[in-house]
Amino acid sequence: MKNIAVIGSGTMGNGIAHVFAQHDYRVALIDINQDALDKALSTIEKNLDRQVDKGVINEQGKAKALQNIHTYTQMENGVYEADLVVEAATENVEIKLSIFRELDKICPDKTILASNTSSISITKIGAVTGRPGKVIGMHFMNPVPVMKLIEVIRGYATTDEVTDQVMDLSRKLGKSPVEVNDYPGFVANRILMPMINEAIYTYYEGVAGVEEIDTVMKLGMAHPMGPLQLADFIGLDVCLSILRVLHDGFGNPKYAPCPLLANMVEAGYKGAKSGEGFYKYT
Ligand code: CAA
């Protein structure tokens, strides 16, 4: 594999493009919005500078990574020779299904179609294409250049060969892939989101304050961020939507989102990206 197309240039998309380009893959970064692409390139450059400062890469490596990235606003221009497409668009089922229908039409037969979805069914995405055996989940973690995990999700029809190729490729990116099957929340969010939800319930019921809850988990369990800070970092709207997928998918009340979380999202308090969630961001 040499040519990688990344759909969506937000936080996850630019991180994914960064990591492929850093490992010498040719990357087509695709977004309908040219301003978003310009912003993504400047974010990637800033994050490459952080790696130069830390000695992870040198100036030459940074220049090569930037040269490896080409931007496109038309999907067909970016994917026509792709070996792999990684979709990292908005976490919305209808948007993802329509992107995969389109990708299936315009990509060569050889192209593997991956989604960075954090909770939408890979089986469902695969089923709207004529190549469900070549549809797979590649769930990167934020911040992508730093986090070692890629959760590789096999849909019901994903073939062994495609899974092995994606596991191999993930290792070539310096990541540690873990293969999981396609059930609601996969593994990462099935375990992470109930913890975050419980932290929100703990605050909602007045057991302790925001900072106290986060301090217990940081100092007591050696988590790098407390669950409420992590919820702000992920986005409270994203947390709510993943909890709803778990709740609907398993039909089990233990996954019901805390009413406080639903209220905060309704009021526009979505965490760091909106300026306020459990903490204020200036
Ligand atoms: N690009 C490149 N390097 C970056 C970076 C980026 N975007 N962001 C941070 N770094 C580097 C820094 O340069 C620094 O390098 P050194 O360790 O070599 O000094 C290192 O990462 C740590 O960064 P900082 O010193 O700025 O800050 P920190 O020590 O507080 O760590 C953190 C920041 C890595 C984000 C850490 O707080 C952390 O691990 N938090 C938890 C992250 C997490 O749980 N992510 C998963 C979220 S869930 C998800 O993504 C999936 C989902 O479906 C919801």
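How do the residues of the shell around the ligand divide into nonpolar, polar and charged, and what number falls in each class? In this predicted model, the split is 9 nonpolar, 5 polar and 2 charged.

Start at the ligand itself. There are 16 residues around the ligand. Those that come nearest are Asn 47, Ser 118, Asn 142, Pro 143 and Pro 224. Two elements each give two or more residues to this shell: α2 (34-53) and α10 (227-234). The largest share comes from α2, with 3 residues.

Now step back to the whole chain. The domain assignment gives domain 1, residues 3-181, and domain 2, residues 189-274. Their C-alpha centres lie 27 Å apart. Where does the ligand sit relative to domain 1 and domain 2? Both domains give residues to the shell around the ligand, so the ligand lies between them.

Follow α10 next. This helix, already met in the shell around the ligand, also packs with helix α9, residues 210-221. The axes of α9 and α10 are 7 Å apart, and the angle is about 100°. Angles of 65 to 115 degrees count as roughly perpendicular, and α9 and α10 are therefore roughly perpendicular to each other.

Which residues make this contact? From α9 come Val 210, Ile 213, Asp 214 and Met 217. From α10 come Pro 227, Leu 228 and Gln 229. By class, the contact of α9 with α10 holds 5 nonpolar residues, 1 polar and 1 charged.

Key
Residues are numbered from 1 along each chain as its sequence is written. This is a predicted model: local features need pLDDT of at least 70, side-chain atom pairs count only at pLDDT 80 or more; totals for chains, interfaces and linings use all residues. A residue is near a molecule or strand if its C-beta atom, placed from the backbone, lies within 6 Å of it. Helices (H or I, at least four residues) and strands (E, at least two) are DSSP runs, numbered from the N terminus. Ala, Val, Leu, Ile, Met, Phe, Trp, Tyr, Cys and Pro count as nonpolar, Asp, Glu, Lys and Arg as charged, and the others, Gly among them, as polar. Domain bounds come from an automatic or database domain assignment. Axes are lines fitted to C-alpha atoms, for helices over the stretch in contact, and angles run from 0 to 180 degrees between N-to-C directions. Angles under 35 degrees count as roughly parallel, over 145 as roughly antiparallel, 65 to 115 as roughly perpendicular and the rest as oblique. Two residues are in contact if their C-beta atoms, placed from the backbone, lie within 7 Å.
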